[in-house]
Amino acid sequence: MSRPTRDAPADRLRGAIAEQAAAGPMCQMLRLAVGAETLVVPIEAVREILEVGRLTPLPQTPDFVRGVMNLRGAVVPVIDLGARFGFGATVIARRSAIIVVEAKGDEDFDRLIAGVLVDAVFEVLDVDSKRIEPVPSLGVGVAGEFLAGMVNVAGSYAALLNLDQVLSPVALSALIAEAQLS
């Protein structure tokens with residue numbers, strides 16, 4: 001009759017080291033909600049998370065441009081992600097937040113700093129970069145052009161936002177110009 005063997009601490013440590021070596025580099029993601037969608041953004045793109053404060057509306061802009069805010073003397077545009085994705089304007093609630101993010105700019109500016117209005121911010125997750133999966137063609141509420149992949153989060157999936165696409169200065173300028181003509 002054989003007894004169940006227990007791994008020695010050194011064996012468990014070797015196993016953990018081998019598992020870590022097989023995994024890709026870890027990256028951190030901020031998990032958030034926009035409408036019914038659970039999304040993640042790379043933490044290196046996040047500059048800060050703010051409570052929703054006073055916004056100055058801009059005339060003749062699309063619904064997804066909620067206005068601008070003063071961030072320590074800098075004028076920062078605020079984009080409503082719910083409206084940008086076609087879910088309708090975000091209703092400001094207790095858990096709503098503005099995430100100040102940095103995205104790729106255009107030929108005039110290297111980078112774009114903007115606030116994105118979301119329904120809730122949850123947590124920072126450690127994600128194995130090798131486990132980011134492709135975006136499926138069906139079943140995702142956000143347009144595929146705005147997504148960089150899917151991340152398994154506690155048994156369900158969160159869509160990884162491509163902030164460079166969501167906040168593309170060329171696309172936003174075209175949408176704003178279209179709203180001004182109408």
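1. Buried here means a relative accessible area under 20%, exposed means over 50%, and partly exposed lies in between. That cut-off is needed for the points below. The model is predicted.

2. Start with Asp128. Its relative accessibility is 10%, so Asp128 counts as buried. Its salt-bridge partner is Arg131, with the closest N and O atoms 3.5 Å apart. Arg131 has a relative accessibility of 61%, so Arg131 counts as exposed. The pair therefore joins a buried acid to an exposed base.

3. One further group deserves a look. Arg47, Glu102 and Arg111 belong to one network, joined by salt bridges that share partners.

4. How many salt bridges does a search of the whole structure find? The count is 6. The Asp128 and Arg131 pair is one salt bridge. Two others are taken up next.

5. Glu123 and Arg31 form a salt bridge through their side chains, at 2.7 Å from N to O. Glu123 sits in strand β8 (residues 120-128) and Arg31 in strand β1 (residues 26-34), so this pair ties together parts 92 residues apart in sequence. Glu123 is partly exposed, at 32% relative accessible area. Arg31 is buried, at 19%. The cut-off for buried is under 20%, so the value for Arg31 falls on the buried side.

6. Asp80 and Arg66 also meet in a side-chain salt bridge, again 2.7 Å from N to O. Asp80 belongs to strand β5 (residues 74-80) and Arg66 to strand β4 (residues 65-71), so the parts tied together are 14 residues apart in sequence. Asp80 is buried, with a relative accessible area of 0%. Arg66 is partly exposed, with 25%. Here the acid is the buried partner. In the Glu123 and Arg31 pair, the base is the buried partner.

7. Now a charged residue without a partner. Arg84 is placed in helix α2 (residues 81-84). Is Arg84 buried or exposed? Arg84 is buried, yet has no salt bridge. Which side chain of opposite charge is nearest to Arg84? That side chain is Glu145, 5.7 Å away. A salt bridge requires a nitrogen to oxygen distance within 4 Å.

8. What does Arg84 touch, not counting residues up to four places away in sequence? The contacts are Phe64, Ile79, Phe146, Gln165, Val166, Ala171, Leu172 and Leu175. Glu145 does not appear in that list, although Phe146 does.

Note on methods
Residues numbered from 1 in each chain as written. Predicted model: local features only at pLDDT ≥ 70, side-chain atom pairs only at ≥ 80, totals over all residues. Heavy atoms only, no water. Helix = DSSP H or I, 4+ residues; strand = E, 2+ residues; numbered from the N terminus. Buried < 20%, exposed > 50% of the residue type's maximum accessible area, 1.4 Å probe, protein only. Lys, Arg positive; Asp, Glu negative; His and termini not counted. Contact = heavy atoms within 4.5 Å.
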